[in-house]
Amino acid sequence: MFRHMMKGLLAAIVAAAVAAPALAAEPDLIFKKSTVWKMLTPDHKLAVYGLDDPLIDGVACHYSVPEKGGVSGMLGVAEEVSDISLACRQVGPITFKEKFDQGDEMFRERRSLFFKKMRIVRGCDLKRNVLVYLVYSDKLIEGSPKNSTSTVPIMPWGDQPAPRCSDWVDD
């Protein structure tokens, strides 16, 4: 019976991975800083990454995450903690490529061997014409209340007027 349950769980995981929406490309590593020195294995580090919103040109986000060293980090089996920081900014004229739903996932990254993921989702504050980004981690059984939010007021760029994000949110 256990084997049958595990086969079903594995099939569900594979199906979810195949049906996953297209997300941002791999983030760019900006730099890493050691926080705990380890003699014979990799150090614990804080890593800073940058990525562009795949649906909205002119918006870039940077996030920092702790990365475990030691033997488990070296082997890629460490469960990373949920402490994630996020900052997003307008870096050029904003152009929407397609409509999106409030809370759409922009980026996802595995934070443990099987069940923990970091997610960056986006929304639009319709009243203020501001893009809102939220980063959080979740687990298959229990999520984490740790999160970070960043906002991007949509401003004119050069002689181009500021678009309204409300025109691009699916109702």
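1. A disulfide is a pair of cysteine sulfur atoms within 2.5 Å. On that basis the structure, which is a predicted model, holds two disulfides. With the bonded cysteines numbered in sequence order, the pairing runs 1-2, 3-4.

2. One disulfide is formed by Cys-61 and Cys-88, with the sulfur atoms 2.1 Å apart. The torsion about this S-S bond is about 105°, so the link is right-handed. Cys-61 belongs to strand β3 and Cys-88 to strand β4, so the bond ties together parts that are 27 residues apart in sequence. Cys-61 and Cys-88 are both buried.

3. Another disulfide joins Cys-124 to Cys-165, with an S to S distance of 1.9 Å. Its S-S torsion is 60°, and the link is right-handed. Cys-124 sits in strand β6, while Cys-165 is in the segment after β8 (147-153); this pair links distant parts of the chain, 41 residues apart. Cys-124 has a relative accessible area of 6% and is buried. Cys-165 is also buried, with a value of 0%.

4. The largest nonpolar core has 27 residues, and the members that touch the most others are Ile-56, Tyr-63, Ile-120, Leu-131 and Tyr-133. Two or more residues come from each of β2 (44-52), β3 (56-67), β4 (85-96), β5 (104-110), β6 (116-125) and β7 (130-139). Strand β3 gives the most, with five residues.

5. What does Leu-131 touch beyond residues up to four places away in sequence? Its contacts are Ile-56, Val-59, Ile-94, Phe-96, Phe-100, Gly-123, Ser-150, Thr-151, Val-152, Ile-154 and Cys-165. Two names in that list recur elsewhere in this note: Ile-56 is one of the core residues that touch the most other members, and Cys-165 is a partner in the disulfide with Cys-124.

6. The count of aromatic pairs comes to four. In one of them, Tyr-49 and Tyr-63 have ring centres 5.5 Å apart and planes at 25°, so the pair is stacked. It links distant parts of the chain, with Tyr-49 in strand β2 and Tyr-63 in strand β3, 14 residues apart. Both Tyr-49 and Tyr-63 are buried.

7. Tyr-63 also pairs with Phe-107, and here the ring centres are 5.8 Å apart and the planes at 40°, so the pair is tilted. Tyr-63 in strand β3 and Phe-107 in strand β5 are 44 residues apart, so far as sequence position goes, and the pair links distant parts of the chain. Phe-107 is buried, as is Tyr-63. Through these ring pairs, Tyr-49, Tyr-63 and Phe-107 are linked into a cluster. Tyr-63 is also one of the core residues that touch the most other members.

8. A search of the whole structure finds six salt bridges. In one, the side chains of Arg-122 and Asp-53 meet at 2.7 Å, N to O. Arg-122 is in strand β6 and Asp-53 in the loop between β2 and β3, so this salt bridge ties together parts that are 69 residues apart in sequence. Is this charged pair buried or exposed? Arg-122 is buried, with a relative accessible area of 3%, and Asp-53 is buried with a relative accessible area of 3%.

9. Arg-122 has an aromatic partner as well. Its charged end sits over the ring of Phe-100, 5.4 Å from the ring centre. Phe-100 is among the residues that Leu-131 touches.

10. Lys-32 forms a salt bridge with Glu-67, and the closest N and O atoms are 2.8 Å apart. Lys-32 lies in strand β1 (residues 28-36) and Glu-67 in strand β3; the pair links distant parts of the chain, 35 residues apart. Lys-32 is partly exposed, with a relative accessible area of 39%, whereas Glu-67 is buried, with 17%.

11. Arg-108 and Glu-105 form another salt bridge, with the closest N and O atoms 2.6 Å apart. Arg-108 has a relative accessible area of 27% and is partly exposed. Why does Glu-105 count as buried? Its relative accessibility is 19%, and buried means under 20%. Glu-105, Arg-108 and Arg-119 are linked in a network of salt bridges.

Notes
Residues are numbered from 1 along each chain as its sequence is written. This is a predicted model: local features need pLDDT of at least 70, side-chain atom pairs count only at pLDDT 80 or more; totals for chains, interfaces and linings use all residues. Side-chain values use heavy atoms; hydrogens and water are left out. A nonpolar core is a set of buried Ala, Val, Leu, Ile, Met, Phe, Trp, Tyr and Cys residues joined through side-chain atoms within 4.5 Å. Buried means under 20% relative accessible area, exposed over 50%, partly exposed in between (1.4 Å probe, protein chains only). Helices (H or I, at least four residues) and strands (E, at least two) are DSSP runs, numbered from the N terminus. Contact means heavy atoms within 4.5 Å. Rings of Phe, Tyr and Trp (its six-membered ring) pair if their centres lie within 6.5 Å; planes under 30 degrees apart count as stacked, over 60 as edge-to-face and the rest as tilted. A charge sits over a ring if NZ of Lys or CZ of Arg is within 6 Å of the ring centre and within 35 degrees of the ring normal. A salt bridge is a side-chain nitrogen of Lys or Arg within 4 Å of a carboxyl oxygen of Asp or Glu.
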